[in-house]
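Q: Could you take a close look at the aromatic rings in this model? I would like to know how they pair and which charges sit over them.

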Amino acid sequence: MELNITGLIPKHMENRGKLTLKENLKIIENILKQRKVPENGIDEEHIKLLLRLLSFMDTDKDPNVVQIGEREARVYTKLQREGVFDFCHGVGRSGNLIDPQPKAPGASVMYKLTNKLLESFLKVLGLKVRAIATPVATGMSLALCLSASRKKYNSNVVIYPYAAHKSPIKATSFIGMRMRLVETVLDGDVVKVDVSDIEDAIRKEIRNNNNPVVLSTLTFFPPRKSDDIEEIAKICQEYDIPHIINGAYAIQNFYYIERLKKALKYRVDAVVSSSDKNLFTPIGGGIIYTKDESFLKEISLNYPGRASANPIVNILISLLAIGTKNYIDLMKQQKECKKLLDELLDDLAKKKNERVLNVENPISSCITTKKDPLDVAGKLYNLRVTGPRGVRRTDKFGTCYLKEYPYDYIVVNSAIGVRKEDIYKVVEKLDKVL
Ligand SMILES: *Cc1c(COP(=O)(O)O)cnc(C)c1O
């Protein structure tokens with residue numbers, strides 16, 4: 001930048017001022033040069049300046065622009081501009097989400113930079129993958145993956161080891177594919193899907209001349225256990241069929257990351273995670289990552305139209321502001337809070353003559369209740385606790401079990417960002433209502 005301030009102040013002060021400015025600009029230059037998530041997060045003013053510089057590159061900021069298109073990023077209020085960080089043209093082209101948009105060079109750089117940063121971030125966590133930020137949340141990102149699978153592999157049926165989340169089920173019906181559920185079985189307290197049953201389902205569909213795609217689930221509430229994504233990936237490789245993993249909140253815990261690493265050695269076409277559950281953004285964005293770059297491209301091609309820049313910018317801001325070191329600290333805190341939660345729940349269970357369900361899960365825990373679990377959850381809500389779920393043993397959807405589960409129970413989560421005081425308080429309140 002050519003800043004002529006010569007003669008306005010004494011020369012030695014001018015030099016001093018320019019030096020300070022240079023140091024500040026260097027922070028932004030380094031982000032653009034290195035294209036990696038910094039170890040230490042950078043402050044908001046520098047992030048703002050980076051976004052400002054980039055958005056000034058978009059053609060709607062050209063003071064002499066002649067705008068005669070039907071879509072010229074004409075925005076009525078400043079309030080609306082602020083909502084998209086002045087990237088009023090959004091991201092993508094109608095034909096391909098990640099293609100540069102000629103009317104918006106700045107937003108295009110912003111999107112590409114976000115994806116590069118995401119890749120560097122996942123690499124620091126141990127995942128060597130290609131990644132894109134998506135302008136839609138987990139369920140819709142799964143729909144994008146399934147749609148890409150249909151386009152690339154003619155997939156026509158989704159094999160779904162039963163997990164009780166409505167969004168993957170709706171993602172399937174949204175894109176008009178049939179779903180073949182693979183039923184869960186009970187093993188002690190654990191509700192799980194046997195890999196051999198998934199293989200059977202694959203065989204049956206292939207025998208009927210269908211092209212299955214497997215949608216497995218890594219992150220889920222106990223008593224449902226994570227799917228064995230490594231074994232599923234091996235089977236998908238053997239039968240040469242696509243495999244999508246729903247890892248909605250997988251990025252925040254190394255237990256999940258290790259499992260992803262193992263699965264990624266075999267057939268995994270895409271993993272989907274939520275930006276808000278992992279990266280402290282408002283709800284609305286997703287992350288899709290894989291070793292298969294051509295599948296990512298297919299996903300991007302399948303997105304219909306342009307998209308709001310807002311979910312992408314939010315991911316970029318989080319990555320820049322948090323930094324890798326702080327994120328890993330937050331992961332440690334999450335783990336410590338989960339340990340504390342389990343200790344406190346164990347004590348509470350003894351006191352109340354209840355049980356903590358014996359299900360391996362790095363984030364969520366379950367305690368049984370002799371009261372009506374819906375009533376307990378309602379009382380917790382009125383005690384200003386958000387998050388716990390109360391599930392009745394007869395709730396086939398909630399338990400993910402099509403027969404009757406042995407217990408009524410309450411699920412409590414210790415997800416990234418949780419504080420120890422939250423854990424103490426929720427168990428205190430559980431003590432009151434259980
Ligand atoms: C949160 C979550 C979803 C849905 O996420 P959205 O971002 O609301 O679409 C789907 N599956 C699992 C396992 C989840 O945890």
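A: Happily; here is a walk through the aromatic rings and their partners. This is a predicted model, where local features need pLDDT of at least 70, side-chain atom pairs count only at pLDDT 80 or more, and totals for chains, interfaces and linings use all residues. Residues are numbered from 1 along each chain as its sequence is written, and side-chain values use heavy atoms, with hydrogens and water left out.

Rings of Phe, Tyr and Trp (its six-membered ring) pair if their centres lie within 6.5 Å; planes under 30 degrees apart count as stacked, over 60 as edge-to-face and the rest as tilted. The count by this rule is eight aromatic pairs. In one of them, Tyr153 and Phe295 are stacked, with 6.4 Å centre to centre and 20 degrees between the planes. This pair links distant parts of the chain, 142 residues apart: Tyr153 belongs to helix 5 (residues 138-153) and Phe295 to helix 11 (residues 293-302). Helices here are DSSP runs (H or I, at least four residues), numbered from the N terminus.

Phe295 counts as buried because its relative accessibility is 0%, while Tyr153, at 28%, is partly exposed. Buried means under 20% relative accessible area, exposed over 50%, and partly exposed in between (1.4 Å probe, protein chains only).

Tyr153 also has a charge over its face: Arg267, at 5.1 Å from the ring centre. For this, NZ of Lys or CZ of Arg must be within 6 Å of the ring centre and within 35 degrees of the ring normal. Likewise, the charged end of Arg52 sits over the ring of Phe56, 4.1 Å from its centre.

Methods:
Helix = DSSP H or I, 4+ residues; strand = E, 2+ residues; numbered from the N terminus.
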